Each structure stands twice: as structure tokens, then as C-alpha cells.
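I am opening a notebook on a structure that is new to me, and I mean to write down each thing as I look it up. The entries follow the order in which I went through the model.

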Amino acid sequence: MELHEIFDAAHGPAPDYGAPAWVAMIVFISIALYNVLELNFLIANTFKKYHGLYFWSMLVATWGIAFNAVGYLLRILAADRSGYGHSTIILIGWCTMVTGQSLVLYSRLHFVLQSPTILRGILVMIIVDAIWLGIPVIILVYGSNSSKSELFFHPYAIFERIQLCVFTVQELIISGLYIVETSKTLKLQRRVGFAPLDARRGMAHLILANILIVLLDISVLVLEFTNNFDIQTAWKPLVYSVKLKVEFSVLNRLVEFSQHMRTGAMEKMSSDHDKGASLGGVTMAASETPTEARYSVHVGTSRTHELDLEDSNEFRVVKTTDVYVDSSANSPDQSASGGISRQSTHIDIEDFGFASIAFDTFQARMRSVNMSALVGANMLSAATDAQYLAKLPVSGITLLSYHNDFLQLLGPDATARQVWDLPWEAFHEAGVYNKKDNSLYMSSNFKSLDDNINITVVSLDTDEYNFHSTQFPHLAMANGGSSYYPPGSSRNDTPPMHVYCDEGDFEHYSQLIAVDPNTNESYPLLTNFLGSNFSSINDVRQHPVTGDLWFTDADYGYFQHFRPSPKLPKQVYRFEPSTGVVQVVADGFVQPNGIEFSPDLETVYISDTGSQQFDVVPGQPSTIYAFDLVKNKRLANRRVFAYANVGFPDGVHCDTQGNVWAAAGDGVHIWNPDGVLLGKIYIGEASNNFAFAPGKVFVFSNYRLWVVENVTALGREVCTDFGRDLECCQ
């Protein structure tokens, strides 16, 4: 077939097909349309909420197949002699079918690949290809139906093959990433020795599905370049419908894995991993010979190897699923708290490079080198050298001491590490404990109105801290949260519910929502102040004696363009769930944010994050204010408690000794009750909140989750939330 014949076959008058070809094309298109009907049924019965990139790309790609198939069917039946009608339908179908299919694959790619750079690159590739390949072909097709159609014959025939090749390569790249990354996972499972059957079958299914997709793409190219254009046009929508059904099946299995990773096969993976299964020994040459004489290497969860490196030029480690190297050194000039600098380095398995929320048992340990160090700052030196603090040797996560009491506060065995590093902001706010499933509930960060904020549930059953995402009815845009005793509930038990600050959107009020995480039931507690809706309720605490809910109302929803213009000033409120009484207790804030009670219930701390109003605003408050709590109902004697020198103080919590902890621009800052900075859990990036657990502090920094373990300090609400029978609560 010559090039001009290819053009005519695509958009010119209907040729005289032979009977076999005509029957084949009708059969192909009919099957494609049947698959479209089946896909629509599957979409309607699978998705609980009709939003998100996965849903919309699946829906658009499905209907793109329908348009493409119907357009070619009209042309085969010669129902549109002018060519404009069926050409328009074909173009709508082609553009949405191809780009939609690539977006379907992209939308679930983060389940096996967690490189933000590569993920962004894939998305850019899809968008750029859609633009530079879509616009020219639209012009060429409509030009073919104009009075000067002969000018478009040759360019269209060439460009048709170019765009088909580029789109095929695009899908080969995405499918190839699935195949490569999933193969790494299977390889890792076999070598480690704990590979549940369901997990292996699921990953093998994913590999086979993507191999099938590659073969189907190649079949379209073969028909194109063997000049079987008519057959190719009918075969193409069938191919895309089959690919979409296959993708829908296998990608949904990945979703199931991520949602049930704490049970069944995933639970077994975690328990087996705790045994510290070895991957075999390797020898690594260090760039510098360690100066200390002794290092202890911890393999798995036990400390089993000690190496004497005094006379060695080579640093030997056993490369396993979990390797820690601890060292200690005397550096009197470096520490203001006894001259001790302590360091714990976490070495990961980089030769696999695997990270997946579906198979998080591996990812939690196998990432980059994470280091926790205790570094002391000499405040006398800092007083006369403005660059002193900036020159401290901090990297990764560091326990940074500004005062002699900091080491005693954390304890001599405290270590810190990064747990998760994800391509989306799963760890943002809240951090509420639920006793029944032994998990922390955190809110994710806002991205768009099409993708509601999720609740990230982190299990504390093992030190892998597996997690999954969920949503609660009536809770649209969760932010801060707290444990909650409803009126009449027993205070002798752990809190039976949570309360969340719902910032609302253009369709939902900003409100306080009570949630039972064990039954998935929820209901609104407060939706307005005497008829006026709140701006964006930000954070909340329940008074441990009266049961009143104290909360802050900022207007970050308006700044982030998902809430209407505020109707109320930015204030702090007290609400009585038992009576419905609500009153303003404090105002005069730029952006009221975190709120917390002192352990003796005599002081309330409220942070003002006015320096962050979508963009950083210099000169505005990054301040925690202290108020006297009067008769458990009113606030008095407002005063400055502390100022965060980096970023702004967001979530605020107290420990049982009255020290005040706040998430800030470089980690968590800790002040004593007099407002003196004791130290920081330094992570080098902004933290919006954190949560205490027995012997632990979890730090949230949106994309990343960190943990400080073996901590002496005890959060004010730990014994209430976790149970007073704990040894640390006696």
C-alpha cells in the first residue's frame, strides 16, 4: 500500500474491502465495544469514590476506545461521506484512548517505583507526547477533508507512523519499568527467603500482564509497517480494550496489597523479617578507614557481630535485610552536654533499589544510608558567632543538643532513623493512636480537590511500621486530630474514638468530626459558630477533665484555594460536646495553629504560624504563646513562650515533665517549661507534626516518616491513649 493509499484508508472514501477483511474488522470492533461495556461495569462497581487520577484516566481511556471504534465503524459502513464526522469521532477516541491508557499505567506506577524524579519524568513524557503528537495529527486530518486535501496526503502518512511509534515506545517504557522493578522484587523475595505465595503470584501476574501489553503494542506496529492499515485501524481499539482490562485487573491487585499489608501474607512477611534473614556476606572497602577501634554491627534485630578494625584497612560488614553500625567517640570540644558524640548508621541494601508501598516490609529497611547522631552545641560559642550553629556537623537525622538537660530528656540509648520516603505526602498532620489495632492515624497533605486528603494508618505492631491509607465518611479534608472521649464514656478505658479537624472545601463545611476507626463510623460534632461556618479548623485537643474540645481556626484552606473567603476572624474556640456551648477564648492571631495543655492543666500553649501564609512572610509570627487556664474554661495572661528560629511551630505537644515540643522548619524543637531551647530532633526539612508513643517519637515531614526510639521522655497523653498498665506509666 502506497502512502497516499494509507491516507485514503484512514480518512478518505471507504475502500472496497474484501469479504474476509470486512468481517475481521467488524469482529474486532464489536469485541472492542463489548469490552468497553464490561469496563464501564467494572469501573462503576469497583471505585467507591469517583475521583483521582486512576479513576478518571481509566474512565477517559475506556470511552476513548468507544469513540475510536465507533468512528472507524462509521467509516467502514460508509455512513459519513464527507469524512468530517467520523474523522472527528476517531480523533477524540485516539487522543483520549492513547494518553488515557498511559496515565492509567502512570497512576499506579508508584506502587513498584518510588523515585520522584523518574515518576515526574514519566508524567512529563506523557504530557509532552500528547501535545506534540496530538495537535499536528488533528490539523492533518481536518486538512485532509478540505478542498486542498492533496497537500496533506504525504505529511499525514509519515506522521501517522511517527506518532504510532512514539506512543508505542512510551508505553514500552512504562511497561518496562513495571517489569524491571517487579522482577527486582521477586528476586529480592527469593534471596531473602520469605516470599508469600500470594505476593509472588501477584508480582508474577504484573510481569506477565506487562509482557502481554508489550506484545500487543508490537502487533499494532507490525500491521502498520506491513501496510495492513485497514486491519490495523480495527485491531487497534481491540488491543487497547484488552490492555485496559488486563491493566485494570493487575493494578487493582496492587491496590489490594497496599490496603491489606498488615494482614495475611504481608503479616507473615513482617514476622519473618524480624528474624533478620541474611542475604549473604559481602566485603566493602570504606572510603576512609574508621578511626575508632571498635564497631558493633547489628544484623536484623539482634546484635550478633563485633569487628575489631584497629589494624584493618578494610571495613567488613554483613549485608542483610537490616544492618546497623554503632560507634562512640570522645569529642569534648563538640558537645555541651558532657562531651560525648554518639552515632548510629543504618546501612541499606542498595543493589536492589526497591521501594514499594505494596511491599513495605522491604522498603522500611532498604533505602539510603540513614544516620542518627547526638551532636552538642556550645551556646557560649553560638552567642558570639552567628555562623556557629550553621557549621555544626549535622546530616540526615540528628539529635541536636542545646542544653545539658537534653541528653537526660531523650535518654542515653536514644537513636533516630528514617522509616519511609514516599513520592506523595502521606505523613502530614494528626498522629492519633488507636488501641484496638495498635496504630497511629495521620492525615496526608492537600494536593487537589480531585484527590481528597487520606488518613495514613501506621501499624506499631513491628518496628517496620507498615502502613495503609483509608478514608472516613463525612471527613473531606482532615488536618489535626486528637483522641476523643464522647460524653458519658468511661475515662478508665483508653479513648474509644478520634476527633478530626475537617478543613472543609467548597462543598463541605469546616467542622469537627468524631470518628470510630474500628467501625469506620463518623459523625459531625460541630459545624458552625452561631450560624457562621469556620474558616479552616486546624488543630484540636480534648480537655482531660471536662471533656471540652479546644481548637484553632486558621484560613489555610482559603490560601490553598479549596475554601471560600473566610467569614470569621482567626480565633481559638472551646466547645462542650455535652451541651453544644461554643465560645471564643482567644483572638489576635495571624494564623492560630497548634494547641496543647500543660500536664498540670494550668497552661494552654497555642502556636501562631503567621510567617507561613502559602508563602513565607518574613516578620510575621513563628511563635508559641502561653495562656493561663482559668477554671478550665477561659484563657488569660497571654505571653510569648518561645519563637522557632527555623520555619514555624506547627503541631505542639507536651511531655509529662512539662517540656514543650513543637514541629518546626528543620524538625522538632524542644523547650523546657521556662521556654529555654533544650534541643532539636533535626531532620533538615519542615515537619508539620509528630506523635509520642511509649519510648518513641514519630516525626512527620510529609513525604517522609522518621522515628526516634529508646526515648526516656513520655508524652502527656501516652498513658491515657496506650493504657496506664504500661511499665512507663507506673
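**Helix 4 and helix 5**

I began with the residues through which two helices touch: Tyr84, Ser87, Thr88, Leu91, Cys95, Thr99, Ser102, Leu103 and Tyr106 in helix 4 meet Leu119, Ile122, Leu123, Ile126, Ala130, Val137, Ile138, Val141 and Tyr142 in helix 5. Sorted by class, the residues of this contact come to 14 nonpolar, four polar and no charged. I note here that the model is a predicted one.

I then looked up how the two helices lie: helix 4 (residues 84-107) and helix 5 (residues 116-144) pack at an angle of about 175 degrees, and their axes are 10 Å apart. Because angles over 145 degrees count as roughly antiparallel, I enter helix 4 as roughly antiparallel to helix 5.

**Helix 2 and helix 3**

Next I turned to helix 2 (residues 19-46) and helix 3 (residues 53-76), which pack at an angle of about 155 degrees with their axes 10 Å apart. That angle makes helix 2 roughly antiparallel to helix 3, and I recorded the crossing of helix 2 past helix 3 as left-handed.

For the contact itself I listed some of the residues, among them Trp22, Met25, Ile26 and Asn40 in helix 2, which meet a set in helix 3 including Phe55, Met58, Thr62 and Trp63. By class, the contact of helix 2 with helix 3 has 20 nonpolar, two polar and no charged residues.

**A sheet of four strands**

Which order do the strands of the open sheet have? I found the order 18-19-20-21, with antiparallel pairing. Strand 18 and strand 21 (582-586) stand at the edges with a single partner strand each, so one side of each has no neighbour in the sheet. From one strand to the next the twist averages 30 degrees.

I followed strand 18 (residues 536-542) into strand 19, to which it is joined by six bridges in the antiparallel sense. Two of the bridge partners I wrote down: serine 536 is matched with alanine 554 in strand 19, and aspartate 539 is matched with threonine 552 in strand 19. The two strands form a hairpin with six residues between them, and in the turn glycine 547 has a positive phi of about 80 degrees.

On going further, I saw that strand 19 pairs with strand 20 (residues 571-575) over five bridges, again in the antiparallel sense. Here phenylalanine 551 stands opposite tyrosine 573 in strand 20.

Is strand 19 mostly covered or uncovered? My entry is that strand 19 (residues 549-554) is mostly covered, with six of its six residues buried. In a regular strand the side chains alternate between the two faces of the sheet. In strand 19, Leu549, Phe551 and Asp553 point one way, while Trp550, Thr552 and Ala554 point the other way, and all are buried.

**Asparagine 434**

My last entry concerns a single residue, asparagine 434, whose place is in strand 10 (residues 429-434). With a relative accessible area of 3%, asparagine 434 counts as buried, because the cut-off for that word is under 20%. What is asparagine 434 in contact with, leaving aside its neighbours within four places in sequence? I found Ser439, Tyr441, His498, Pro517 and Asn518.

Terms used: Residues are numbered from 1 along each chain as its sequence is written. This is a predicted model: local features need pLDDT of at least 70, side-chain atom pairs count only at pLDDT 80 or more; totals for chains, interfaces and linings use all residues. Side-chain values use heavy atoms; hydrogens and water are left out. Buried means under 20% relative accessible area, exposed over 50%, partly exposed in between (1.4 Å probe, protein chains only). Two strands pair if DSSP finds at least two bridges between them. Contact means heavy atoms within 4.5 Å. Axes are lines fitted to C-alpha atoms, for helices over the stretch in contact, and angles run from 0 to 180 degrees between N-to-C directions. Angles under 35 degrees count as roughly parallel, over 145 as roughly antiparallel, 65 to 115 as roughly perpendicular and the rest as oblique. A crossing is left-handed if the near helix is turned anticlockwise from the far one by less than a right angle, and right-handed if clockwise. Ala, Val, Leu, Ile, Met, Phe, Trp, Tyr, Cys and Pro count as nonpolar, Asp, Glu, Lys and Arg as charged, and the others, Gly among them, as polar.
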